[in-house]
Amino acid sequence: MFFIYSYLVFATFLINCRTLNGMIDSEDDKPWSLFDTWLSKPLVHIPHLQLKLRSANYLEDIENPYIIWFLRHTQIPYTLSTYELMKRNNLIALKSPIDDYNYVIVTSMQDMRSTIQYFAQKSGTYFYVVADDDVNYQELQDICHTLWTNSRILFQLFLTSSGVLIYDPFHENESGDYGKIIVYKGEQTIENTLFNDMRGYPLRIQIFQSVYSRPVVNEETKKVEYAEGLDGRVAEILQQRMNFTMNFMEPDKDYFGERLPNGSYNGAIGSILDNSIDICFTGFFVKDYFTRDISFSVAMYEDNLCIYIRKAQRVPDYLLPIFAVHFNVWIGFIGIAFLLSLIWAMLRGLTLALNIYSYNSLTENLRKPLRYQYPRILIDTWVAWVRVSLNQYPMFKSERVLVVSFCLVSVIFGAIFECSLASSHIEPLYFKDINSLQELNNTGLPILYRHASMKDDLFVGETSPLYASLNRKTIHMPDRKYNILMEIVKTGQLAGVNRYNSLMLESLDLIITKKIWIIQEFPKRYSISYVWHRNAPWEETLNNLLLKFSQAGIIQKFEHDMDLEAKMNLIKYQLIGDNAIFRILTVKDLQLAFYVVTIGNMLATLSWIFEKVVFALQHRSKK
């Protein structure tokens, strides 16, 4: 029995092959040129076709002119197979699983709805060969309208005996609603035919508050009326160019969105996956969001993820002389003073050894051994070094020339100190800031972040112990009422994660007034794009327009406008009252002088008391 069954199967296969070859060889008088005109453009970017014929009507389907044209007159590889619809528990199911391919499917008007429901997907192009001569336009329109409304499935061509039909969701039908079956003649691509003029069709758009997007909400209706910023202006130009209407959806309270423990998503990503919105015109990081069902536009701009902390504290006035100049200047100033005292001592020793002056002409102090003279030399060196007048110049002329050179050099050091102290009142001095991620890690500060998307791959610690350590310090703070930025400014015991451009545009006043500090080592840099559902029908058209905007410099121009606006607002902020950083010096800025006078008087008092005590003890010992 097995051999008989195998023989029958093989014989059937040979008959089918002979029939197929005969059909192709005998069909030379069909209007293939019309098919070329109608279908050449939809087939341009299709690498492979799945030809599906009905099992029960195989011989009839193989004779269909459209099938013959696909088999003979196209250069696209194909896979020919049969399918059968089965009813199980009042449901239609396919015998074979559906793959992500481009299909040519033969069906009838009776089975059209069930066939489309189980073949149609967002991806791919579908050519439905209608075997019936009579086509029910209204039924096709209803089927396509349902698919478009529920799933945004669009690229379906119906190959009928009277021509090629497509569904235009933006064309007004007889009832005055959007959506109509139209004849496709192949003059343009389907994308250009449909999306060059959307006839004011309302697309569901979401724009929420972010770096370059600022939705404006009506105070009465509490709905978004329009959007400002770079993203809002780009969306407005796209609306004018494609002639659609932006139907602003309410911004999601979860902003970008994140994956929940149950596998679902909230925020804008969740709205896209649920088909609640069509496009999100707020820029997203181009990264892995752990779902394959969203797609990014072409890159609009780039941004860094940065770590910011509170600016280091201002140096108190009583410490300004120490921090006004660099540490090595102080070392040089002090070291040179001792070196000059040694040179002075050596010069005196040389002068005394040469007996240039007679012993009787020397003062009592110069007759002492050099080691007893050195303390006085050291004191006189420091007096001349700090530009204070000497009570008595040295006896030897060579030493007087040396003292004059001390004074000239001290003028240079004095000028450096004076200029540094003066500039410290105009540009206040601060203690050293954290400038690297390693220094941040050493502080042990917790790192707070608002959106989960900032944390996913911020610190990838598989190959970096530093990143692994920083990753353990990160804390998610989703509470919108908790202002991370102001808490960092207030306490100084935290660090935060944010986009660099967000801080430069929205918190530039805190940066200029030295309240926050951005660590200059950025852990991540991302491209920023808009988001919609994967295989959205408008993807190619929108990306082409966005590329043209970028090449024309429109995106860069809008970005520059926002930067300029932020700087202009900052100038206004700086010129108002206590916020002004350009101010007139007052008596409060003279604290250092009062500190010096007070400390000097205290030291003078202590010195006077010490001298009195020593003099009293010496006087008593003489008695």
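**Close-up views of a predicted model**

**View 1. Leu 606 sits in helix 21, which covers residues 591-622.** Welcome to this structure, which is a predicted model. Is Leu 606 buried or exposed? Leu 606 counts as exposed, because its relative accessibility of 55% is over the 50% cut-off. Leu 606 is also one of the residues that make a nonpolar surface patch of about 950 Å². Its partners in the patch include Tyr 595, Ile 599, Leu 603, Trp 608 and Ile 609. Tyr 318, Val 613 and Leu 617 belong to this patch too.

**View 2. Three stretches carry a "transmembrane region" label in UniProt.** Which residues does the record list? The unreviewed UniProt entry gives 318-347, 401-422 and 592-610. In the model, residues 318-347 are 83% helix and 0% strand, and the C-alpha atoms at the two ends of this span lie 38 Å apart. Residues 401-422 are 100% helix, again with 0% strand. For residues 401-422, the end C-alpha atoms are 32 Å apart.

**View 3. Tyr 137 lies in helix 6, made of residues 137-151.** Here is a residue to explore slowly. Tyr 137 counts as partly exposed, because its relative accessibility is 40%, a value between the cut-offs of 20% and 50%. Which residues does Tyr 137 touch, leaving aside those up to four places away in sequence? They are Ser 162, Leu 165 and Ile 181. Look for Lys 180 as well: Tyr 137 and Lys 180 are 43 residues apart in sequence, and their C-alpha atoms are 9.0 Å apart in space.

**View 4. Asn 442 is found in helix 14, which runs over residues 437-443.** With a relative accessible area of 56%, Asn 442 is exposed, because that value is over 50%. Another residue to find in this view is Ser 469, 27 residues away from Asn 442 along the chain. The C-alpha atoms of Asn 442 and Ser 469 are separated by 9.8 Å.

**View 5. The protein chain as a setting for the close-ups has 21 helices and 21 strands.** How many of the 623 residues are buried, as a percentage? Buried residues make up 42%. The chain exposes about 34,900 Å², and carbon and sulfur atoms supply 57% of that area. Consider, too, the contacts between residues at least 6 apart in sequence: 73% of them join residues at least 24 apart.

Terms used. Residues numbered from 1 in each chain as written. Predicted model: local features only at pLDDT ≥ 70, side-chain atom pairs only at ≥ 80, totals over all residues. Heavy atoms only, no water. UniProt positions renumbered as here; feature names shortened; annotations may be inferred. Helix = DSSP H or I, 4+ residues; strand = E, 2+ residues; numbered from the N terminus. Buried < 20%, exposed > 50% of the residue type's maximum accessible area, 1.4 Å probe, protein only. Contact = heavy atoms within 4.5 Å. Areas by Shrake-Rupley, 256 points an atom, 1.4 Å probe, with all protein chains shown as cover. Patch = residues over 30% accessible without salt bridge, like charges linked within 9 Å, V, L, I, M, F, W, Y side chains within 5 Å. Salt bridge = Lys/Arg side-chain N within 4 Å of Asp/Glu carboxyl O.
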